[in-house]
Amino acid sequence: MIVAIANQKGGVGKTTTAINLAAAAAQRKKRVLLIDLDPQSNSSMSFIDPMQVTAGSYELFTQPDKPVAELVYKTGIESLDLIPARINLAKLEAKLIGDFDAAFRLRDRLKDIESAYDLVLIDTPPTLGMITVNALVAAKYVLIPIQSSYFALEGTDDLLETIEKIRSRPNPDLELLGVLVTLVDKRTALSRDVESHIRNVFGDKTFKTVITRSVRLEEAPAHKLPVTSYAPRSSGAVEYEELAKEVLKRVEKRTTGRRANAA
Ligand SMILES: Nc1ncnc2c1ncn2[C@@H]1O[C@H](COP(=O)(O)OP(=O)(O)OP(=O)(O)O)[C@@H](O)[C@H]1O
Ligand SMILES: [Mg+2]
């Protein structure tokens with residue numbers, strides 16, 4: 001079950017969600033693979049030392065004969081694996097230009113390993129370029145984090161339009177798994193207004209769980225730990241655990257539904 005975490009807006013909590021949702025799902029005994037597709041490598045650095053990485057997501061795209069297993073690293077969290085990003089990923093967009101199957105590279109590579117995991121999460125960069133398109137073509141679902149701020153919904157139309165375009169051709173199965181409200185400050189009226197506006201726009205697609213602002217969430221990556229290990233009783237840990245339950249429920253419900261339809 002492949003889920004792309006996407007929003008071309010920067011700093012909305014994509015990476016924080018990728019690392020902590022991945023860890024919370026793994027701690028619920030799911031076999032999880034996190035793929036870092038952002039050249040900033042923040043997801044990767046939250047688990048491993050970049051010096052350790054000799055090949056990662058760039059090679060996934062550029063070396064089709066290299067077994068995917070050679071690009072997978074252990075994270076220190078049981079049943080959570082990682083395909084890390086390195087700075088060379090920044091060269092990928094330019095390399096894909098003019099390649100007629102550029103949008104399908106990731107999908108092709110993940111076919112071999114998809115079945116080894118219960119959940120594959122893809123962290124994407126803050127652009128709607130070919131890297132993000134590859135993630136959306138490979139994925140079954142997209143999870144959109146939206147920051148609770150005055151300009152929260154600015155830019156989401158472009159993202160939804162891209163999702164529609166991908167659904168109309170390369171990936172008709174792509175579904176919006178849900179919208180996650182992040183960086184919430186429950187003390188402010190603005191934050192409450194923005195949350196209710198997002199719920200009006202996205203209805204049931206909005207996750208019940210919201211992620212509030214928490215210093216522990218900011219600190220955890222420096223300790224190479226997800227928040228659920230670094231500060232298990234913090235609000236961030238509790239919220240990402242709740243989110244993992246909601247995500248797994250939505251994903252599993254749809255899988256069961258699909259099986260029932262097929263029968
Ligand atoms: N709930 C939160 N509470 C406090 N800080 C947070 C929270 N969520 C994210 N942050 C912080 O906000 C910054 C941006 O978050 P993050 O890196 O997850 O966003 P992003 O969407 O992945 O950014 P980019 O678009 O640059 O990849 C980081 O410094 C992160 O630690
Ligand atoms: Mg990020």
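I began with the surroundings of ligand 1 and asked which helices line it: α1 (14–27) and α9 (215–219) each supply at least two residues of the shell. The model is a predicted one. Of these contributions I noted that of α1, which gives the most to the shell around ligand 1, with three residues.

Next I listed the neighbours of ligand 1 by residue. There are 18 residues around ligand 1, and Gly10, Lys14, Thr15, Thr16 and Pro126 come nearest. I then sorted the shell by class and found nine polar, five nonpolar and four charged residues.

I turned to helix α6, residues 130–138. Is α6 mostly covered or exposed? I found α6 mostly covered, with nine of its nine residues buried. I wrote down the buried residues of α6: Met130, Ile131, Thr132, Val133, Asn134, Ala135, Leu136, Val137 and Ala138. Polar side chains are in that list too, including Thr132 and Asn134.

I looked up what packs against the buried residues of α6. Among the helices I recorded α4 (92–96), α5 (105–110) and α7 (156–168). The strands I recorded are β1 (2–5), β5 (119–123) and β6 (141–147).

Last, I checked the whole chain. I counted 11 helices and seven strands in the chain. The radius of gyration is 17 Å, close to the 18 Å from the globule rule for 263 residues, so the chain is as compact as a globular protein of that length. The C-alpha trace spans about 55 × 40 × 40 Å along its principal axes. Buried residues make up 45% of the 263 residues. Of the contacts with a separation of 6 or more, I noted that 77% are between residues 24 or more positions apart.

Conventions. Residues numbered from 1 in each chain as written. Chains lettered and ligands numbered in written order. Predicted model: local features only at pLDDT ≥ 70, side-chain atom pairs only at ≥ 80, totals over all residues. Helix = DSSP H or I, 4+ residues; strand = E, 2+ residues; numbered from the N terminus. Rg over C-alpha atoms; globule rule 2.2 N^0.38 Å. Buried ≥ 20, exposed ≤ 12 C-beta atoms within 10 Å, placed from the backbone. Contact = placed C-beta atoms within 7 Å. Near = placed C-beta within 6 Å.
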